[in-house]
Protein chains: 2
Amino acid sequence: MLSNFNKAFKGWGTNEGLIVSILAHRNAAQRNLIRQVYAEAYGQDLLKDLDKELSNDFERVVMVWTLDPAERDAYLANEATKRFTSSNWVLMEIACSRSSHDLFKVRQAYHARYKKSLEEDVAYHTTGDFRKLLVPLVSAFRYEGEEVNTMLAKSEAKILHEKISDKAYSDDEIIRILTTRSKAQLNATLNHYNNAFGNAINMNLKEDADNEFLKLLRATIKCLTYPEKYFEKLLRLAIKKIGTDEWALTRVVATRAEVDMERIKEEYRRRNSVTLDHDIAGETAGDYERMLLALIGHGDA
Amino acid sequence: MLSNFNKAFKGWGTNEGLIVSILAHRNAAQRNLIRQVYAEAYGQDLLKDLDKELSNDFERVVMVWTLDPAERDAYLANEATKRFTSSNWVLMEIACSRSSHDLFKVRQAYHARYKKSLEEDVAYHTTGDFRKLLVPLVSAFRYEGEEVNTMLAKSEAKILHEKISDKAYSDDEIIRILTTRSKAQLNATLNHYNNAFGNAINMNLKEDADNEFLKLLRATIKCLTYPEKYFEKLLRLAIKKIGTDEWALTRVVATRAEVDMERIKEEYRRRNSVTLDHDIAGETAGDYERMLLALIGHGDA
């Protein structure tokens with residue numbers, strides 16, 4: 001099936017270079033055109049082929065990118081609940097970095113494709129503290145207004161500090177505050193935390209470097225309040241890793257290209273003193289490299 | 001403001017009898033017309049007046065009924081999180097008896113009206129086992145297909161039975177199964193429970209009559225699997241109560257009139273050997289009585 005994908009474009013009188021240059025425009029209508037041509041040529045949806053083994057990084061990034069954003073996230077979330085590809089981080093990332101409406105669209109796409117609910121799979125495939133955090137995160141429909149209740153921010157900063165001081169990291173109240181408050185309110189609460197207790201909350205969550213739940217909690221807070229920093233770090237670790245983590249690279253580039261890639265690139269340059277373009281070009285090659293660079297807007301004015 | 005409501009209709013050349021007869025048609029377009037006329041005449045939305053003290057049962061049922069269903073549920077849910085009108089049952093009822101899409105519309109209406117999320121208020125105003133059950137219930141977006149996984153139904157029936165045998169009524173697994181599975185899947189699981197263990201699950205949850213959490217858990221199961229029985233019982237208790245519980249009567253009649261009132265009436269007749277019409281006529285009076293009877297379709301063919 002996947003070789004068909006290449007054939008589809010070849011039969012269509014094109015080649016990888018052209019695919020990259022079309023997709024570089026990052027135009028949703030053109031992506032839908034590709035899906036339509038594919039469906040007409042092979043009588044099935046592109047998304048179906050994602051279930052098969054993917055033979056190379058280029059095909060993978062083209063296909064993930066070509067999907068509608070809600071379907072793409074539903075696919076990534078489903079993979080993240082499966083035994084051999086499970087990832088609490090991917091679930092958290094989808095839940096925390098998408099807008100409330102976009103997350104709801106992911107839940108709708110999940111119903112349509114998997115005949116189950118996202119939260120049902122997340123709850124079934126996780127246990128203990130991870131379940132306690134992830135199920136409300138993926139089920140949330142946070143208020144998105146900018147209104148902030150200062151009294152509440154102060155009282156909840158105090159609650160967070162008390163629980164963290166007691167090392168009760170998975171306490172009901174910590175989970176409640178992080179999973180239900182609007183991002184604006186949470187930001188106010190964490191600013192009060194910093195002001196009142198002299199440390200950013202994530203500093204106080206650092207004491208045990210091997211605690212996987214604590215790591216996820218810190219990443220959750222970062223992803224909710226500074227998504228560009230969260231994604232910069234993911235890219236940095238994926239690129240610097242011996243062998244490069246292509247799947248993380250593909251995921252971050254494909255999901256953020258149309259959203260906040262400019263801010264992520266800016267953050268990357270600040271943190272690493274080189275551009276993301278430079279590092280991607282250094283660690284990847286061929287069509288895959290060209291595709292990633294096109295997606296992050298390499299060479300754009 | 002509320003006296004304005006009556007004046008609105010009087011100024012409009014009508015009277016209570018006419019309001020009842022218009023609303024008896026249970027037509028959403030006509031209800032919207034009433035809201036529009038009200039808004040034009042008084043420069044504010046009918047819903048705003050719901051926050052004020054309501055002076056009588058007739059006005060209350062007219063206003064609750066006239067609201068758009070999602071706004072009505074958002075209003076009822078918000079009241080149910082407030083200190084003096086708090087009700088875990090109303091929250092559970094809205095979460096469990098509405099369709100997944102309708103529940104999501106309630107969450108959207110909640111954002112628009114209260115500038116907060118429903119789950120945020122529910123989490124903030126509940127604690128312990130009640131929070132643990134209610135937050136995922138109101139956040140759920142259950143799959144609504146009829147597909148059933150029989151293996152899963154058997155294994156989860158067994159889990160439920162083990163936890164209940166250990167009296168671990170608020171165990172994570174019980175909560176997970178009840179709050180995330182589709183209604184069709186849950187029904188299959190509870191049927192297996194009954195077949196394999198010789199009792200309906202609610203029989204095994206009955207041992208402690210004073211345990212409020214157990215009562216809510218039983219009601220949750222009933223509301224998810226036999227909503228007409230759940231509502232029949234609510235109506236029966238509201239009517240038989242010394243003094244009659246008008247607010248419960250108003251809520252059930254206004255929220256179910258357009259949904260499943262025929263089945264609830266049928267269930268009422270089976271369980272009480274008299275009609276719901278008869279009992280409502282016996283326990284209420286005047287315009288309020290006429291309105292309730294009109295809403296439940298009294299005299300319809």
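**Exercise 1. Find how much area chain A and chain B bury between them, and what share of it lies on carbon and sulfur atoms.**

Solution. Put the two chains together and they bury about 2600 Å² between them. Of that area, 58% is on carbon and sulfur atoms. Keep in mind that this is a predicted model. As for the choice of quantity, interface size is often given as the accessible area lost when the parts come together.

Next, look at who takes part. On one side, 27 residues of chain A are in contact, and they meet 28 residues of chain B.

**Exercise 2. Work out which polar and charged links join chain A and chain B, starting with the number of salt bridges.**

Solution. Start with the salt bridges: there are 4 between chain A and chain B. Now zoom in on one of them, the pair R181(A) and E120(B). Their closest N and O atoms sit 2.8 Å apart. That pair counts as a salt bridge because the cut-off is 4 Å between a side-chain nitrogen of Lys or Arg and a carboxyl oxygen of Asp or Glu.

Then widen the search to polar contacts, and 13 residue pairs turn up across the interface of chain A and chain B.

**Exercise 3. Say which helix of chain A gives the most residues to the side that touches chain B.**

Solution. First list the candidates. Helix 8 (100-114), helix 9 (118-124), helix 10 (128-139), helix 11 (150-165) and helix 12 (172-180) of chain A each supply at least two residues to that side. Helix 8 comes out on top, with 5 residues. Finally, sort the residues on the chain A side by type: 13 are charged, 7 are polar and 7 are nonpolar.

**Exercise 4. Decide for N199(A) and D279(A): buried or partly exposed?**

Solution. Take N199(A) first. You'll find N199(A) in the loop between helix 13 (183-197) and helix 14 (201-204) of chain A. N199(A) has 29% relative accessibility, so it counts as partly exposed. Leaving out residues up to four places away in sequence, N199(A) touches Y193(A), N194(A) and N204(A). With N204(A) there is also a side-chain to side-chain polar contact, at 3.2 Å.

Now D279(A), which belongs to helix 19 (residues 276-283) of chain A. Its relative accessibility is 10%, so D279(A) counts as buried. The cut-off for buried is under 20%. Again leaving out residues up to four places away in sequence, D279(A) touches I239(A), K240(A), Y268(A) and V274(A). The side chain of D279(A) also makes a polar contact with the side chain of H278(A), at 3.1 Å.

Note on methods: Residues are numbered from 1 along each chain as its sequence is written. Chains are lettered from A and ligands numbered from 1 in the order in which they are written. This is a predicted model: local features need pLDDT of at least 70, side-chain atom pairs count only at pLDDT 80 or more; totals for chains, interfaces and linings use all residues. Side-chain values use heavy atoms; hydrogens and water are left out. Contact means heavy atoms within 4.5 Å. Buried area is the accessible area (1.4 Å probe) that two parts lose on being put together, summed over both. A polar contact is a pair of N or O atoms within 3.5 Å; within protein, one must be able to donate a hydrogen and the other to accept it, and residues adjacent in sequence count only if both atoms are side-chain atoms. Helices (H or I, at least four residues) and strands (E, at least two) are DSSP runs, numbered from the N terminus. Ala, Val, Leu, Ile, Met, Phe, Trp, Tyr, Cys and Pro count as nonpolar, Asp, Glu, Lys and Arg as charged, and the others, Gly among them, as polar. Buried means under 20% relative accessible area, exposed over 50%, partly exposed in between (1.4 Å probe, protein chains only).
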